[in-house]
Amino acid sequence: MIDALKSLFRGAKGPRTELPLDVCVAALLIEAARADGVYDADERAAVLRLLQDMLDLSPAEAAALHDRADAEQGSAADMVRFTRVIKMAMEEDQRVQVMQALWHVVLVDHDRDPHENALLRHLAPLLGVDDRHSVTARRRAMATLGEPDETAPFAHRIGPHFNLV
């Protein structure tokens with residue numbers, strides 16, 4: 001009877017093993033790119049370029065990693081499997097860089113979809129990134145893409161007594 005209960009918690013596949021860090025980062029980038037329901041060639045190219053730059057991979061290595069992460073992401077019940085590995089393996093500044101990469105992927109189409117915003121707000125605490133650092137990461141991603149900071153005019157209007165960041 002105890003063995004039967006243990007097998008329920010283990011599932012049919014047996015004990016879950018942790019995925020490599022690079023697969024977890026790639027899986028989150030792909031999830032972010034798909035958050036608005038569209039995963040087009042520009043978003044795929046952005047994911048592949050980020051994987052090459054962040055992990056110092058060749059284009060072929062980045063494509064292979066993308067395919068593996070895509071398969072893992074597609075079969076995952078949730079994103080905690082990926083965020084847990086990243087949170088445990090990376091320092092805070094590295095996790096903020098991952099957050100910036102996620103924002104980059106989301107913003108590459110120059111359209112902030114509500115589903116993308118919700119996903120990144122959900123991911124930030126799972127990655128151990130506070131709101132302030134997430135906003136900074138978003139602003140950096142916007143700057144690299146030539147996007148205007150939509151909060152700047154509002155901050156100017158309300159005066160110097162409010163800290164929006």
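## Exercises on a predicted helical model

Met 99 is buried, with a relative accessible area of 0%. The model is predicted. Work through the exercises below with the structure open.

**Exercise 1. Place Met 99 and list what surrounds it.**

Step 1. Find the element. Met 99 sits in helix H6.

Step 2. Classify it. Under 20% relative accessible area counts as buried. Met 99 has 0%, so it is buried.

Step 3. Collect contacts, skipping residues up to four places away in sequence. Met 99 then touches Leu 120, Ala 124, Leu 127, Val 129, Ser 134 and Ala 137.

Step 4. Check a pair across the sequence. Met 99 and Leu 123 are 24 residues apart along the chain, and their C-alpha atoms are 8.4 Å apart.

**Exercise 2. Do the same for Phe 82.**

Step 1. Phe 82 belongs to helix H5, residues 80-89.

Step 2. Its relative accessible area is 1%, so Phe 82 is buried.

Step 3. Leave out residues up to four places away in sequence. The contacts of Phe 82 are Leu 19, Cys 24, Ala 27, Leu 28, Glu 72, Gln 73 and Ala 76.

Step 4. Take the pair Phe 82 and Ala 26. They are 56 residues apart along the chain, with 9.3 Å between their C-alpha atoms.

**Exercise 3. Decide whether Asn 117 is buried or exposed, and name its contacts.**

Step 1. Locate it. Asn 117 is in helix H7, which covers residues 114-126.

Step 2. Apply the cut-off. Buried means under 20% relative accessible area. Asn 117 has 13%, so it counts as buried.

Step 3. Set aside neighbours within four places in sequence. Asn 117 is in contact with Trp 103 and Arg 112.

**Exercise 4. Examine the positive phi angles of Asp 56 and His 110.**

Step 1. Read the angle of Asp 56. Its phi is positive, about 55°, although Asp 56 is not a glycine.

Step 2. Place Asp 56. It lies in the loop between helix H3 (41-55) and helix H4 (59-75).

Step 3. Classify Asp 56. Exposed means over 50%. With a relative accessible area of 70%, Asp 56 is therefore exposed.

Step 4. Turn to His 110. Its phi is also positive, about 60°, and His 110 is not a glycine either.

Step 5. Place His 110. It is in the loop between H6 and H7.

Step 6. Classify His 110. Its relative accessible area is 48%, so His 110 is partly exposed.

**Exercise 5. Identify the residues of the negative surface patch and characterise Glu 92.**

Step 1. List the members. The patch is formed by Glu 91, Glu 92, Asp 93, Asp 130 and Asp 131.

Step 2. Place Glu 92. It is in helix H6, residues 92-107.

Step 3. Test its exposure. Patch residues must have over 30% relative accessible area. Glu 92 has 38%, so it is partly exposed.

**Exercise 6. Summarise the whole chain.**

Step 1. Count the elements. There are nine helices and zero strands. Along the sequence the pattern reads α-α-α-α-α-α-α-α-α.

Step 2. Gauge burial. Of the 165 residues in the chain, 37% are buried.

Step 3. Sort contacts by separation. Take those with a separation of 6 or more. Residues 24 or more positions apart account for 71% of them.

Step 4. Look at the surface. The accessible surface of the chain is about 9,700 Å². Carbon and sulfur atoms hold 56% of that surface.

Key:
Residues are numbered from 1 along each chain as its sequence is written. This is a predicted model: local features need pLDDT of at least 70, side-chain atom pairs count only at pLDDT 80 or more; totals for chains, interfaces and linings use all residues. Side-chain values use heavy atoms; hydrogens and water are left out. Patches are made of residues with over 30% relative accessible area and no salt bridge: like charges are joined within 9 Å, nonpolar side chains (Val, Leu, Ile, Met, Phe, Trp, Tyr) within 5 Å. Accessible areas come from the Shrake-Rupley method with a 1.4 Å probe; for residues, only the protein chains shown count as cover. A salt bridge is a side-chain nitrogen of Lys or Arg within 4 Å of a carboxyl oxygen of Asp or Glu. Lys and Arg count as positive and Asp and Glu as negative; His and the chain ends are not counted. The place of a charge is taken as NZ of Lys, CZ of Arg, CG of Asp or CD of Glu. Helices (H or I, at least four residues) and strands (E, at least two) are DSSP runs, numbered from the N terminus. Buried means under 20% relative accessible area, exposed over 50%, partly exposed in between (1.4 Å probe, protein chains only). Contact means heavy atoms within 4.5 Å.
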